[in-house]
Amino acid sequence: MIVTIDEPTFRESVDLMVDRAMSVMGLDDGTATAIKSCNAVLQVKFPVKIRGKFEVFTGWRATHSTHRLPSKGGIRYAPYADQDEVEALAALMTYKCAIVDVPFGGSKGALLIDPSQYERDELEMITRRFAHELVRKGFLSPSTNVPAPDVGTGQREMAWIADTYKHLHPEDINYIACVTGKPLHHGGIHGRVEATGRGVQYVLREFFRHPDDVKSANMLGTLTGKTCVIQGLGNVGYHAAKFLSEEDGVIITAVIERDGALINDKGINIEDLYNHIIDHGSITNFPGASLEVNGIAVLEKECDILIPAALERQITLENADRIQAKLIVEAANGPITYGADELLNKKGIIIIPDAFANAGGVTVSYFEWIRNISHIRLGRMQKRHDETQGLQMAAMLEELTGSKISDSFKKTVAHGADELDLVRSGLDDTMRTAYQQIRETLLSNENIHDFRTASYVTSITKIARSYLDVGIY
Ligand code: NAD
């Protein structure tokens, strides 16, 4: 992480960006402060016996807002986590949910731990103990506070958390909805693992449906053939890079990871690289791309689209001036500091901000939560009905035209939507609608010049309305 001493912290950066939006809106000070304040922060310290000795772990859960319930946000496991970061991430969740019309407040959690240093059974004990603390202190339940995966956590941790809650509250019929991002056989939903990366793809597709926006980023044409540098090939980065390259013809010219960067101007095969990382635990010795040891410098490589998908504070006042991308899509949370954001705006680089760009995860978490509290898989009631109707339609067309319809067309019209189809369709619609709302805000106010400010204005307008409707108490 590049840390520039005189730059604001992550939380201060988010607040400054929000202040910029609030000043454009002319929001009164009282409402502005109520929206910006973090409602509650819990810090826990708990001992777990590891390899015969007690270790004390520190964790946080911040609830930024409760104007909608439950409050929602991931839990990360990282050796660098701190309260400032958790509060910043919780605030981003508030704004993010409002942008994509997910009726949740904002929350976030972290455990100060390097998960790679622990065995599976040890991580299970630590996770269950952390979940126990969160439940006991009122920071985890299906109706008030619902975590999800983030950096360093995944389906496995979510299943342990759900199981811990169930043991503490067996009478809660909705216990499985206390956390999202669970494995499929433990109440998860199809499409959640890929959701954030898929959302990034849908955002980019929508951006390229607006020729004026493409032109404002000094590009022309479609997404196909555009060059892209991506930082982080974890859950979010891998799915975004995979879908963009395999389905939209985007050329991934560089992948930056913690141990360097791989470069190939003709394009890197993401599935091959992903398998190489799984097999070797590193990007080194990957055939078909050259290795640059100083990975972070590759953020400055010339490209059409730059997708930071790893960590916060990667583009700072130290390197912002050397960034050559035309469009930056913030798949990670907070990858650009406030100062760097201002500088990149002046340079004319278009930034699709985190609060919108990576909202695919929380959107599909919302679908999972709905699935859990309604106790039924999406599409279960209508799939066969839709298939029958499709087949009847095909038969009627054959009868009316007197010609035979091809089997492949019949298969298409007679395909009833399954859960994955519905999730992808709901996510696509959500990201498109949000983009159009943000764009409308951007074009309708001459004091707004960038997508980030437009996103925050769109979001804060909705949050302020909900505060004013019910009153602040
Ligand atoms: P992850 O742990 O699965 O992946 C992170 C990746 O970044 C890993 O491959 C890791 O090796 C790499 N990385 C770590 N340090 C790096 C460095 N210094 N340089 C380059 N690469 C580095 O995490 P994730 O879930 O993919 O999350 C990535 C980002 O996306 C985070 O900012 C997270 O908050 C955000 N996000 C995640 C989700 C989600 O659904 N998982 C949703 C919204 C936002």
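Strand E3 (residues 71-78) runs parallel to strand E4 (residues 105-112), and the two are joined by six bridges. Within this pairing, Gly109 of E4 is the bridge partner of Ile75. The model described here is a predicted one, and the account below should be read in that light.

Both strands belong to an open sheet of five strands, which has the order E1-E2-E4-E3-E5 and mixed pairing. At its edges stand strand E1 (40-50) and strand E5 (145-149); each has a single partner strand, so one side of each is left without a neighbour in the sheet. On average, and with direction ignored, neighbouring strands of this sheet are turned by 25° against each other. Helix H3 (residues 83-99) packs on the sheet, where it touches E1, strand E2 (53-63), E3 and E4, and the direction of H3 makes about 150° with that of E4. As general background, strands of a sheet pair through backbone hydrogen bonds, in either a parallel or an antiparallel manner.

Two backbone details in the loops of this region deserve attention. The peptide bond from Leu69 to Pro70 is cis, with omega near 0°, and Pro70 is found in the loop between E2 and E3. Asp101, in the loop between H3 and E4, has a positive phi of about 55° although it is not a glycine. For context, most peptide bonds are trans, and most residues other than glycine have a negative phi.

A second open sheet is formed by seven strands in the order E9-E8-E7-E6-E10-E11-E12, again with mixed pairing. Here the edges are taken by strand E9 (290-292) and strand E12 (350-352), each with a single partner strand, so that one side of each is left without a neighbour in the sheet. Neighbouring strands of this sheet are turned by 20° against each other on average, direction ignored. Strand E6 (residues 227-231) pairs with E7 in the parallel sense over five bridges, and Ile230 stands opposite Val255 in E7. Helix H8 lies across E6, E7 and strand E10 (305-308), running at about 165° to E6.

Parts of this second region also take part in the ligand site, since helix H8 (235-248) and strand E7 (251-257) each supply at least two residues of the shell around the ligand. There are 22 residues around the ligand, of which Asp150, Thr196, Val236, Glu257 and Asn333 come nearest. By class, the shell has nine nonpolar, eight polar and five charged residues. The polar distances to ligand oxygen atoms are set out in the table.

| Residue | Polar atom of the residue | Distance to an oxygen atom of the ligand |
|---|---|---|
| Arg76 | side-chain atom | 2.9 Å |
| Gly152 | backbone atom | 3.5 Å |
| Val236 | backbone atom | 2.9 Å |

Of the 820 Å² of accessible area that the ligand has on its own, the protein covers 85%. Val236 thus appears both among the residues that come nearest to the ligand and in the table, through a polar backbone atom 2.9 Å from a ligand oxygen atom.

Note on methods: Residues are numbered from 1 along each chain as its sequence is written. This is a predicted model: local features need pLDDT of at least 70, side-chain atom pairs count only at pLDDT 80 or more; totals for chains, interfaces and linings use all residues. Side-chain values use heavy atoms; hydrogens and water are left out. Two strands pair if DSSP finds at least two bridges between them. Helices (H or I, at least four residues) and strands (E, at least two) are DSSP runs, numbered from the N terminus. Axes are lines fitted to C-alpha atoms, for helices over the stretch in contact, and angles run from 0 to 180 degrees between N-to-C directions. Contact means heavy atoms within 4.5 Å. A residue is near a molecule or strand if one of its heavy atoms lies within 4 Å of it. A polar contact is a pair of N or O atoms within 3.5 Å; within protein, one must be able to donate a hydrogen and the other to accept it, and residues adjacent in sequence count only if both atoms are side-chain atoms. Accessible areas come from the Shrake-Rupley method with a 1.4 Å probe; for residues, only the protein chains shown count as cover. Ala, Val, Leu, Ile, Met, Phe, Trp, Tyr, Cys and Pro count as nonpolar, Asp, Glu, Lys and Arg as charged, and the others, Gly among them, as polar.
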